[in-house]
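Got your viewer open? Load the model, switch to a cartoon view, and get ready to click along.

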Amino acid sequence: MKKSLVSAALLLTMGAVLAACGTSESTENASSTPPETSTEETDSNENVAEETTDEENAVEEAPPEEAVGEEASSAVEGALAESDEQPYELHVLPGYVLTSEEPGKDSLYKESDPSAFMRIETFAPGEIDFSQAETQVKETLKAVNAEAEIAEGQALAGAGIVKSSRFEVPSAEGKVTGVVIEQENQLVRLTIFDSEAANATADLIAMGQTIKRTE
């Protein structure tokens, strides 16, 4: 009987020791094994970081927007010319010529294609108001192409310009554009006749924006 009890006690003790050892090894294995990181989660985090970096670079590299009120004469690298018939001066780009058309009207034309030109008329304060000048411009455009609808273009902005308006119609050669510019000391009316071959409207308007009264 005593031998049986001793044997049973030894078996219980050995079982407890083995169980303790197994638990210890399991705990050590669990603590020493690093947690596995999800590949998808890692790739997602890397993509987010790359997208954030790309967005930051895009913001840094994006060119600044062009100032709407930038002075036109700073962008026109031309010679300063003065009208013989009217009290104003302007910057004339190479390849263009300013000449007097008749009293009160000048013509700025392209040397290589004189059919592309801009008629320039200036008025002292009180001679004509802005709305009257707009009406006259529209009448001129209607006379050029009575069938076409007059389209309103983007108004001009720049140093010295109080307000402005721009209209155009298609013509047999290209298009005709009318511009009214109100400055503090004068009103300017421009009529531009352009062809598809000459493509001079942008240059002519840029030069027209540099007009300044000389008296």
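This tour goes from the sheet to its pairings, then to a helix, the cores, the salt bridges and two single residues. One thing to keep in mind is that this is a predicted model.

**Stop 1: the sheet**

Start by colouring the strands. You should find an open sheet of seven strands, in the order β3-β4-β5-β9-β8-β7-β6, with antiparallel pairing. What holds such strands side by side? Strands of a sheet pair through backbone hydrogen bonds, either parallel or antiparallel.

Now go to the borders. Which are the edge strands? They are β3 (96-102) and β6 (151-152), and each of them pairs on one side only.

**Stop 2: from β3 across to β9**

Select β3 and β4 together. Six bridges pair them in the antiparallel sense, and if you click Y96, you'll see K110 of β4 standing opposite. The two strands make a hairpin with two residues between them, and there G104 takes a positive phi near 85 degrees.

Add β5 to your selection. β4 and β5 run antiparallel and are joined by five bridges. They too form a hairpin, with two residues between them. To see one pairing up close, pick D106: its bridge partner in β5 is I120.

Then bring in β9. Here β5 and β9 run antiparallel, with seven bridges between them. Click R119 and look for T191 in β9, which stands opposite. Hold on to R119, as you'll meet this residue again.

**Stop 3: the helix across the strands**

Select α4 next and show it as a ribbon over the sheet. α4 lies across β3, β4 (105-110), β5, β7 (161-170), β8 and β9. Against β9, the helix runs at about 165 degrees.

**Stop 4: the nonpolar cores**

Time to switch on side chains. In soluble globular proteins, nonpolar side chains tend to be buried together. The largest nonpolar core here has 23 residues, and those with the most contacts inside it are L90, Y96, L108, I120, L190, L204 and M207. Which elements give two or more residues to this core? They are β2 (88-92), β5 (113-123), β8 (174-183), β9 (187-195) and α4 (201-208).

For a closer look, centre on L108. Leaving aside neighbours within four places in sequence, L108 is in contact with L90, V92, Y96, V97, L98, A116, F117, M118, I120, L204 and M207.

Another core lies apart from the largest one. It has 14 residues, among them F123, F167, V176 and F193.

**Stop 5: salt bridges**

How many salt bridges does the structure hold? There are five, and you can visit some of them now.

Begin with E101 and R119, whose side chains meet at 3.0 Å, N to O. This pair links distant parts of the chain: E101 is in strand β3 and R119 in strand β5, 18 residues apart. Are the partners buried or exposed? E101 is partly exposed, at 33% relative accessible area, while R119 is buried, at 19%. The cut-off matters here: R119 counts as buried because its 19% falls under 20%.

Next, select K163 and E182, which meet in a salt bridge of 4.0 Å, N to O. K163 lies in strand β7 and E182 in strand β8, so the pair ties together parts that are 19 residues apart in sequence. K163 is partly exposed at 40%, and E182 is partly exposed at 23%.

Then try K175 and E168, a salt bridge of 3.8 Å, N to O. Here K175 is partly exposed at 29%, and E168 counts as partly exposed at 24%.

**Stop 6: two residues to finish**

Select T122, in strand β5. T122 is buried, with a relative accessible area of 10%. The T122 side chain makes a polar contact of 2.8 Å with the side chain of Q86. Beyond neighbours within four places in sequence, T122 is in contact with Q86, P87, Y88, Q186, L187 and V188.

Finally, jump to N199, in the loop between β9 and α4. What makes its backbone worth a click? Most residues other than glycine have a negative phi, and most peptide bonds are trans. N199 has a positive phi of about 50 degrees, although it is not a glycine. Turn on the surface and you'll find N199 exposed, at 60% relative accessibility.

Definitions and conventions. Residues are numbered from 1 along each chain as its sequence is written. This is a predicted model: local features need pLDDT of at least 70, side-chain atom pairs count only at pLDDT 80 or more; totals for chains, interfaces and linings use all residues. Side-chain values use heavy atoms; hydrogens and water are left out. A nonpolar core is a set of buried Ala, Val, Leu, Ile, Met, Phe, Trp, Tyr and Cys residues joined through side-chain atoms within 4.5 Å. Buried means under 20% relative accessible area, exposed over 50%, partly exposed in between (1.4 Å probe, protein chains only). Helices (H or I, at least four residues) and strands (E, at least two) are DSSP runs, numbered from the N terminus. Contact means heavy atoms within 4.5 Å. Two strands pair if DSSP finds at least two bridges between them. Axes are lines fitted to C-alpha atoms, for helices over the stretch in contact, and angles run from 0 to 180 degrees between N-to-C directions. A polar contact is a pair of N or O atoms within 3.5 Å; within protein, one must be able to donate a hydrogen and the other to accept it, and residues adjacent in sequence count only if both atoms are side-chain atoms.
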